[in-house]
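Here is a quick tour of one protein chain, written for someone who would rather look at side chains than at tables. Have the viewer open as you read.

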Amino acid sequence: MSEFSGLQMEYFQTPDTVIDPSFCGLVTESDRRCILHRQRAGKFVAFEGTDTGRRFIGCATEDGVNCGVLEWVDAPWPVILQRCLTKLWDMYHEENLGRVQDKEAHEIEVEKLKKELDSLGNQYSQLVDDVSKLFDYQDGQRSHDMDLTSQAINELKEKKHQLEEQAKIEVQMEKLKLKKEQRCILQSQADIIQNTRKAMKEIQVERDLLKEEKKKLEHIIADLLKAGHGCKEKLDKIKEVVMEE
């Protein structure tokens, strides 16, 4: 029998996923297939919202329409853990929004530099035209004017070259920044999965301890009732409260 048999079947849109070497690839434990394509289903780990870290069986098709989640392997997280995940994702989206705004501001600055560069190019072309006209109408002062014009052209060329180099540096820095942010996001994904599983283990340990304390209290009340100690009516009420919990 498959390790996934007996789980509640649900059909949802496929959430974002993260690569987990311990749970990936196609389902081989059963002949489970997706609804639309009738292809063998795949194993995935969710990385979205309150389902982050939950394993599920879903459509493995990468092109076209995806059938979505066919079956959740892990049960929904406890409410307190879902709240923590929601808070973490809100923090991530806020930080990501800041990055997007910074990128937009950078793109505006780059566009401004490009416009300045185009303007300088137009000025340079106009200057070349003026120089040509100057040669036609002022042959007598050609030598002197050539020096001034040559100097102005050289200055414009130098300024144009500086702006081009500055634009190249800005673009290169943006690429490096984006690569660094991608590495940070991948590391954050791995940390969230690890912390989620750790929190689940701690919650389970606390539940087991509470169950043991409850059993001990039930045994003490039963022994007191048998021995006839205390007020039987009060002990019965205490026992009812313990059983309700």
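What follows goes from the overall layout to a few residues, then to the charged pairs and the pocket.

## The overall layout

Keep in mind that this is a predicted model. The protein chain has 3 helices and 4 strands, and along the sequence they come in the pattern β-β-β-β-α-α-α. Two of the helices will come up again below: H1 covers residues 79-137 and H2 covers residues 142-227.

Of the chain's 245 residues, 24% count as buried. The accessible surface adds up to about 17,900 Å², with 54% of that belonging to carbon and sulfur atoms. As for contacts, take those between residues at least 6 apart in sequence: 58% of them join residues at least 24 apart.

## Arg54, an arginine in a loop

Start with Arg54, which sits in the loop between strand E2 (42-45) and strand E3 (55-58). Is Arg54 buried or exposed? Its relative accessibility is 5%, so Arg54 counts as buried, the cut-off being under 20%.

Which partners does the Arg54 side chain have? One is the side chain of Asp51, with a polar contact at 2.8 Å. Another is the backbone oxygen of Asp74, which lies 2.8 Å from a polar atom of the Arg54 side chain. Leaving out residues up to four places away in sequence, Arg54 also touches a set of residues that includes Phe44, Val45 and Ala46, along with Trp72, Pro76 and Trp77.

## Thr52, in that loop too

Thr52 is also found in the loop between E2 and E3. With a relative accessible area of 0%, Thr52 is buried.

The Thr52 side chain has a polar contact with the side chain of Trp89 at 2.8 Å, and it reaches the backbone nitrogen of Glu48 at 3.3 Å. Setting aside neighbours within four places in sequence, the residues in contact with Thr52 include Ala46, Phe47, Trp77 and Leu85. Ile192, Ile193 and Thr196 are on that list too. Trp77 and Ala46 turn up for Arg54 as well.

## Salt bridges

Side chains of opposite charge can pair when their charged atoms come close. How many salt bridges does the structure hold? There are 9 of them, and three are worth a look here.

Glu71 and Arg32 meet through their side chains at 2.4 Å, N to O. This pair links distant parts of the chain, with Glu71 in strand E4 (residues 69-72) and Arg32 in the loop between strand E1 (9-12) and E2, 39 residues apart. Both partners are buried: Glu71 has a relative accessible area of 5%, and Arg32 has 19%. Since buried means under 20%, Arg32 still falls on the buried side of the cut-off.

Glu181 forms a salt bridge with Arg99, and their closest N and O atoms are 3.6 Å apart. Glu181 lies in H2 and Arg99 in H1, so this pair ties together parts that are 82 residues apart in sequence. Glu181 is buried, at 16% relative accessible area. Then there is a small network: salt bridges with shared partners join Asp31, Arg33 and Arg40. Within it, the side chains of Asp31 and Arg33 meet at 3.2 Å, N to O. Asp31 is exposed, with a relative accessible area of 51%, while Arg33 counts as partly exposed at 31%.

## The pocket

The largest pocket has a volume of about 220 Å³. Which residues lie nearest its centre? They are Leu88, Tyr92, Glu95, Ser188 and Ile192, out of a lining of 13 residues. H1 and H2 each supply at least two residues of that lining.

One of those central residues has come up already: Ile192 is also in contact with Thr52.

## A backbone oddity

Last, have a look at Arg38, in the loop between E1 and E2. Arg38 has a positive phi of about 60 degrees, although it is not a glycine.

Methods: Residues are numbered from 1 along each chain as its sequence is written. This is a predicted model: local features need pLDDT of at least 70, side-chain atom pairs count only at pLDDT 80 or more; totals for chains, interfaces and linings use all residues. Side-chain values use heavy atoms; hydrogens and water are left out. Buried means under 20% relative accessible area, exposed over 50%, partly exposed in between (1.4 Å probe, protein chains only). A polar contact is a pair of N or O atoms within 3.5 Å; within protein, one must be able to donate a hydrogen and the other to accept it, and residues adjacent in sequence count only if both atoms are side-chain atoms. Contact means heavy atoms within 4.5 Å. A salt bridge is a side-chain nitrogen of Lys or Arg within 4 Å of a carboxyl oxygen of Asp or Glu. Accessible areas come from the Shrake-Rupley method with a 1.4 Å probe; for residues, only the protein chains shown count as cover. On a 1 Å grid over the protein atoms alone, a cavity is a set of points where a 1.4 Å probe fits but cannot get out, and a pocket is an open set with protein on both sides within 12 Å along at least five of seven lines; lining residues have an atom within 4 Å of a point. Grid points are joined across faces, edges and corners, and a volume is the space filled by probe spheres set on the points.
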